[in-house]
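Work through the exercises below with the sequence and structure at hand. Each task is followed by a solution in steps.

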Amino acid sequence: MPDTTVLTPVRAHTTTVAAPRAGRRRPPFGVVLAGLIVATPAVLVVAIGTGAVWVPPARVWSVVVDHLGGAPGGDALADPIVWQVRAPRVLMAYVVGAALAVAGAVLQAVVRNPLADPYVLGVSAGAGLAAVAVLTIGGLAGAGLAATVGVSGAAFAGALVTLALVLALGRRQGRLDPQRLLLAGVALSYLFQAGTTYLQLRVSTNQLAAVLFWLLGTVAGADWAELGLPAALVVACVAWLMGQGRQLNALVLGDDVASSLGVAVHRVRVHLLLVASLLTAVVIGIAGGVGFVGLIAPHSVRLLVGADHRRLLPAAALLGGVFLVLADLLGRVVAQPLELPLGVVTAAAGVPFFLVLLRRAGRGVA
Amino acid sequence: MSRLRLDGVGVRAGVVPLVADVSIDCAPGTFVGLLGPNGSGKSTVLKTVYRALAPAAGAVLVDERDVRRELTARQAARRVAVVAQEPGHDFDFTVDEVVAAGRTPHHRPWARLGATDRAVVAGALNTVGLDGHGSRPFGELSGGEKQRVLLARALAQQPAVLVLDEPTNHLDIGTQLGLLTLVRGLRVTVLAALHDLNLAAAFCDRVHVMHDGAVVARGTPDEVLTPELIATVFGVFAHRTVHPGSGRAHLIFATDPLPCTTSEGPDEITDTRRAGGHRRRRPRRRSRELRRRP
């Protein structure tokens, strides 16, 4: 405690504080990053090799190398399975996982709430309603609609409309207010979920399976044509968000502090919200409402590398991608020949993983 | 060290004026206090200085350059830093990470922190007496340590002007005195909103008193902190004495008239109010209650 005789302001300040205590033990950032970077191709290769027909990693690797080298078809047996069927699906899972993890981390910082996830602004509920509407509205009109925009297009449009509504409702005195954004998002979510539930109750049993699968997320049936544009958008959005690490750090410390640090708080918040939500909308369009990754991946990574967004975002992208590839793999193999929706696996496998991390972090503090 | 000058600053919330025509001149290297009851507009004025609010009228000038019109956000942030009241959310930042946020205005958004930045961060922690605490989680610090880390973050901006918004709130007396002594020893111009009038008397070169959104008195603490002014602005009775150690003014407060003094009875309050002509709700109610007493 400070010397209590320092009443004259000119006197030198003498302070003694408790001896430095060791901080929370974290593995060095380089080790975590290197581990994730090495794990990525390994997990991808194993996931591509696993399925009804097992393809050994070396064979998967050579097929992929052939295709990347521009001389495909060397392995006539494995080539279609590896390159046409499984590779797009596994890559899509990776892209979806990475995107959701980054979007979740950004939204948690922007609305300054650790419970936020990519869907907190209601975009998944809006996308869900639009997608389920297209899936379930029968008759000629429904078929025509489904053929022209597709479920993905409808979901993407639904997500964007919801985002526009939330941004319009989340203003106070011309500025976006985090609390108000959250409330607007949650309120709209309930409204759209009610609509989705109503549609679900009206459909036949065989349609219901498709609806449920979509709502819980799936990357089944992905092909290269379907992957290209969304993947490019995801890469662009994630790259831009990674450049915003320091602005995100400042925003977490409070709007006033961020202003005093030279951050244009209002403008930066709008940009971050738009890009993170665009990212989410793209992913919902291709894979449906994959839950949990966007909430748990950022927190897991925070426990590993800390809260500095310049480290958090790259690590979250890598971990989210790997995690969702593994989740998809599990969903394919545990109940063969049945497939489980991604949302079921992410929750069932993700919660124990997260609880282990939480316990380990708790020990480090004491 | 820079001169900070507020020139006729006014802020409105919609059409309601929050503060009007506030002019404050802080000479380079001085410690200037901003006093006044809750809701008198102190924080609002400070927010215009660190650019969290745009003044509707007037200007904030650092070395005669307007922080809104003549400086970019980052240029202004390299000159003015703040220790604000707003808690934010720490999301498990370490002390180092919080302090390093102070380097934000010195870089483009995507640039990496270099050796200079690390040295500045370490130096700031050293200045506030938290050497070697860099890897501790911010959320696990004591209130006094947190406030020092926030001061270190402000210092990492290498500012010429330091704005403090009630920096001693919720701190024990030793930590309060330690913090202000520390700030007093820094080579910066300080504008601080303070609630404790005795701390203001002990540490400030000059004080400005705000009431209902306007500056109603300015000068040295000795000139300004009179029992009459305190009765008018804060609605309490004060007896003024001299601090035996520092020789500066020291105030003793009461809600009832103090027996040892005759100059600040209820009648005086009524007189000052008439003379001042400011809108006052709390003091008026109080003085009426006092008059009803036998």
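**Exercise 1: contacts in the core**

Task: Leaving aside neighbours within four places in sequence, find the residues with which Ala316(A) is in contact.

Solution. In this predicted model, Ala316(A) is in contact with Ala101(A), Val102(A), Ala105(A), Ala297(A), Pro298(A) and Val301(A), once neighbours within four places in sequence are set aside. Next, place Ala316(A) in its surroundings: the largest nonpolar core has 198 residues, and Ala316(A) is listed with Val96(A), Ala99(A), Val102(A) and Val106(A) as having the most contacts inside it. Helix α3 (residues 78-110) of chain A gives the most to this core, with 22 residues.

**Exercise 2: positive phi**

Task: Decide whether Arg112(A) is buried or partly exposed, and do likewise for Asp21(B).

Solution. Start with the backbone: phi of Arg112(A) is near 50°, a positive value in a residue other than glycine. Arg112(A) lies in the loop between α3 and α4 (123-136) of chain A. A buried residue needs 20 or more other C-beta atoms within 10 Å; Arg112(A) has 19, so it is partly exposed.

Asp21(B), also not a glycine, has a positive phi of about 50°. Asp21(B) sits in strand β2 (residues 16-26) of chain B. Asp21(B) counts as partly exposed because it has 15 C-beta neighbours inside 10 Å.

**Exercise 3: confidence in chain B**

Task: Which elements of chain B have the lowest and the highest mean pLDDT?

Solution. Chain B averages a pLDDT of 86, and 85% of the residues score at least 70. By element, helix α10 (residues 266-276) of chain B has the lowest mean, 41, and strand β3 (residues 31-35) of chain B the highest, 97. Over residues 262-294 of chain B the pLDDT is below 50.

How values were computed:
Residues are numbered from 1 along each chain as its sequence is written. Chains are lettered from A and ligands numbered from 1 in the order in which they are written. This is a predicted model: local features need pLDDT of at least 70, side-chain atom pairs count only at pLDDT 80 or more; totals for chains, interfaces and linings use all residues. A nonpolar core is a set of buried Ala, Val, Leu, Ile, Met, Phe, Trp, Tyr and Cys residues joined through C-beta atoms within 7 Å. A residue is buried if 20 or more other C-beta atoms lie within 10 Å of its own, exposed if 12 or fewer, and partly exposed in between; C-beta atoms are placed from the backbone. Helices (H or I, at least four residues) and strands (E, at least two) are DSSP runs, numbered from the N terminus. Two residues are in contact if their C-beta atoms, placed from the backbone, lie within 7 Å. pLDDT is the predictor's confidence in each residue, from 0 to 100.
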